[in-house]
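Here are my notes on the model you sent round, written as numbered points so that you can reply to each in turn. Have the 3D view open as you read.

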Amino acid sequence: MSEVWISAADGDDLIRADAIVILRMDRTGRLTVQLRDEAKVSVTLLEGSPGGARPPADFHRQLIRLIAELADSSGTQLVRARHENGAWRWTSESL
């Protein structure tokens, strides 16, 4: 079983996927995760933007699908959001 990590918006924080208990995406496109811990720490994966290039409404679901796919692979993977050519997508790379 693979270990999957997710890069936060600024790249300064990495979150282990199996530590996430809640994904929240608001109307501005801000995507936050709540971690499984006593303090219920939340981390922002993507900053929202009311008039900017908002990720698709199912972007958080796309992340869940990718984590599930990567969990069956071997090695450690890093997942991050990319905005290229007007489209949002999740990418993964081996660590």
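1. Let me start with a question: which strands make up the open sheet of three strands, and in what order? They run S3-S4-S5, and the pairing is antiparallel. S3 and S5 are the edge strands with a single partner strand each, so each has one side without a neighbour in the sheet. From one strand to the next, the twist averages 25°. Please keep in mind throughout that this is a predicted model.

2. Now the overall picture. The protein chain contains one helix and seven strands, and along the sequence they follow the pattern β-β-β-β-β-α-β-β. The C-alpha trace spans about 40 × 35 × 25 Å along its principal axes. A compact globule of 95 residues would have a radius of gyration near 12 Å, and the 13 Å of the protein chain agrees with that.

3. A few totals for the protein chain may be handy. Of its 95 residues, 35% count as buried. The exposed area is about 5900 Å², and carbon and sulfur atoms supply 46% of it. If you take the contacts between residues at least 6 apart in sequence, 42% of them join residues at least 24 apart.

4. Back to the three-stranded sheet, beginning with its first hairpin. Strand S3 (residues 20–25) pairs with S4 in the antiparallel sense over five bridges. Within this pairing, Leu-23 stands opposite Val-33, and Met-25 has Leu-31 as its bridge partner. Five residues lie between S3 and S4 in the hairpin, and Gly-29 in the turn has a positive phi of about 95°.

5. The other hairpin joins S4 to strand S5 (residues 42–46), again antiparallel, with four bridges. Thr-32 has Thr-44 as its bridge partner in S5. Here six residues separate the two strands, and the turn residue with a positive phi is Lys-40, at about 55°. You may wish to look at both turns when you go through the backbone angles.

6. S4 itself deserves a look. Is this strand enclosed or open to the outside? Five of the five residues of strand S4 (residues 31–35) are buried, so the strand is largely enclosed by the rest of the structure. Leu-31, Val-33 and Leu-35 point one way, while Thr-32 and Gln-34 point the other way, and all are buried.

7. Next comes the open sheet of four strands, with the order S2-S1-S6-S7 and mixed pairing. Its edges are strand S2 (14–16) and strand S7 (87–94); each has a single partner strand, so one side of each is left without a neighbour in the sheet. The twist averages 30° from one strand to the next. Strand S1 (residues 3–7) and strand S6 (residues 76–84) pair in the parallel sense over four bridges, with Gln-77 in S6 as the bridge partner of Val-4.

8. How does the helix sit against the strands? Helix H1 (residues 59–71) lies across S1, S6 and S7, at about 20° to S7. H1 also lies across S3, S4 and S5, and there it runs at about 150° to S3.

9. On the interior: the largest nonpolar core has 20 residues, and those touching the most other members are Ile-6, Ile-15, Leu-45, Leu-63, Val-79 and Trp-90. S1, S3, S4, S5 and H1 each supply at least two residues of this core. H1 gives the most, with five residues. Take Ile-15 as an example: beyond its neighbours within four places in sequence, this residue is in contact with Val-4, Trp-5, Ile-6, Ala-8, Ile-20, Leu-35, Val-43 and Leu-45.

10. A last point concerns Ala-9, which is placed in the loop between S1 and S2. With a relative accessible area of 43%, Ala-9 is partly exposed. Leaving out residues up to four places away in sequence, Ala-9 touches Thr-44, Leu-45, Leu-46 and Glu-47. Ala-9 and Ile-22 are 13 residues apart in sequence, and their C-alpha atoms are 17 Å apart in space.

Terms used:
Residues numbered from 1 in each chain as written. Predicted model: local features only at pLDDT ≥ 70, side-chain atom pairs only at ≥ 80, totals over all residues. Heavy atoms only, no water. Pairing = 2+ DSSP bridges. Axes fitted to C-alpha atoms, helices over the stretch in contact; angles between N-to-C directions. Contact = heavy atoms within 4.5 Å. Rg over C-alpha atoms; globule rule 2.2 N^0.38 Å. Buried < 20%, exposed > 50% of the residue type's maximum accessible area, 1.4 Å probe, protein only. Areas by Shrake-Rupley, 256 points an atom, 1.4 Å probe, with all protein chains shown as cover. Core = buried A, V, L, I, M, F, W, Y, C linked by side-chain atoms within 4.5 Å.
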